[in-house]
Amino acid sequence: DGWWLYKTYLPSTPDSARTWASRQALLQDAMLEADADVVCIQEASGKSEFRKDFEFMFERGYDGEIAAKGRMRCATFWRPDVVQPV
């Protein structure tokens, strides 16, 4: 339903910065710049197309999963050559 996506924007924030494509580019930059073995994010939507939305992580060799419960979920990405889920 996306209610959380717009409430914290300042009125001066352009509509183009409120799109998923814009936010996805910011996430991609931050997540890949970290160059971490494990990356965790919160408030991922269970209604999203997880693999498609975070394809940039899978293309860089990460595995990942989104929590199966809750409206707003945690997602974890890891480098399988370094970390294995238990």
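In which sense do strand 2 (residues 63-66) and strand 3 pair, and over how many bridges? Keep that in mind as we walk through this predicted model.

**The whole chain**

Start with everything shown. The protein chain has three helices and three strands, and from the N terminus the order is α-β-α-α-β-β. Orient the view along the principal axes, and the C-alpha atoms fill a box of roughly 45 × 30 × 20 Å. Turn on a surface next: about 6200 Å² is accessible, with 53% of that belonging to carbon and sulfur atoms. Of the 86 residues, 26% count as buried. If you colour by charge, you will find 11 positive and 14 negative charges, whose mean positions lie 9 Å apart.

**The strands**

Now select residues 63-66 together with strand 3, and here is the reply to the opening question: the two pair in the antiparallel sense over four bridges. Pick aspartate 63 and look across to strand 3, where tryptophan 78 is its bridge partner. Strands 2 and 3 make a hairpin with five residues between them. In the turn, click on glycine 70, which has a positive phi of about 95°.

Add strand 1 to the selection. Strand 1 pairs with strand 3 in the antiparallel sense too, over six bridges. To see one opposing pair, show isoleucine 41 and, opposite it in strand 3, alanine 75.

**The nonpolar core**

Isoleucine 41 leads us inward. The largest nonpolar core has 13 residues, and those touching the most other members are Met31, Ile41, Phe54, Met57 and Phe77. Helix 1 (20-34), strand 1 (38-45), helix 3 (55-59) and strand 3 (72-78) each supply at least two residues of this core.

Centre on methionine 57. Setting aside residues up to four places away in sequence, methionine 57 touches Met31, Leu32, Val39, Tyr62 and Phe77.

**Phenylalanine 58**

Step along to phenylalanine 58, which sits in helix 3. Is this residue buried or exposed? Phenylalanine 58 counts as buried because its relative accessibility is 15%, and the cut-off for buried is under 20%. Beyond its neighbours within four places in sequence, its contacts are Phe50, Arg51, Asp63, Gly64 and Phe77. Asp63 is the residue you saw bridged to tryptophan 78, and Phe77 is among the core residues that touch the most other members.

For a last stop, draw a distance from the C-alpha atom of phenylalanine 58 to that of threonine 8: the two are 50 residues apart along the chain and separated by 29 Å.

Key. Residues are numbered from 1 along each chain as its sequence is written. This is a predicted model: local features need pLDDT of at least 70, side-chain atom pairs count only at pLDDT 80 or more; totals for chains, interfaces and linings use all residues. Side-chain values use heavy atoms; hydrogens and water are left out. Buried means under 20% relative accessible area, exposed over 50%, partly exposed in between (1.4 Å probe, protein chains only). Accessible areas come from the Shrake-Rupley method with a 1.4 Å probe; for residues, only the protein chains shown count as cover. Lys and Arg count as positive and Asp and Glu as negative; His and the chain ends are not counted. The place of a charge is taken as NZ of Lys, CZ of Arg, CG of Asp or CD of Glu. A nonpolar core is a set of buried Ala, Val, Leu, Ile, Met, Phe, Trp, Tyr and Cys residues joined through side-chain atoms within 4.5 Å. Contact means heavy atoms within 4.5 Å. Two strands pair if DSSP finds at least two bridges between them.
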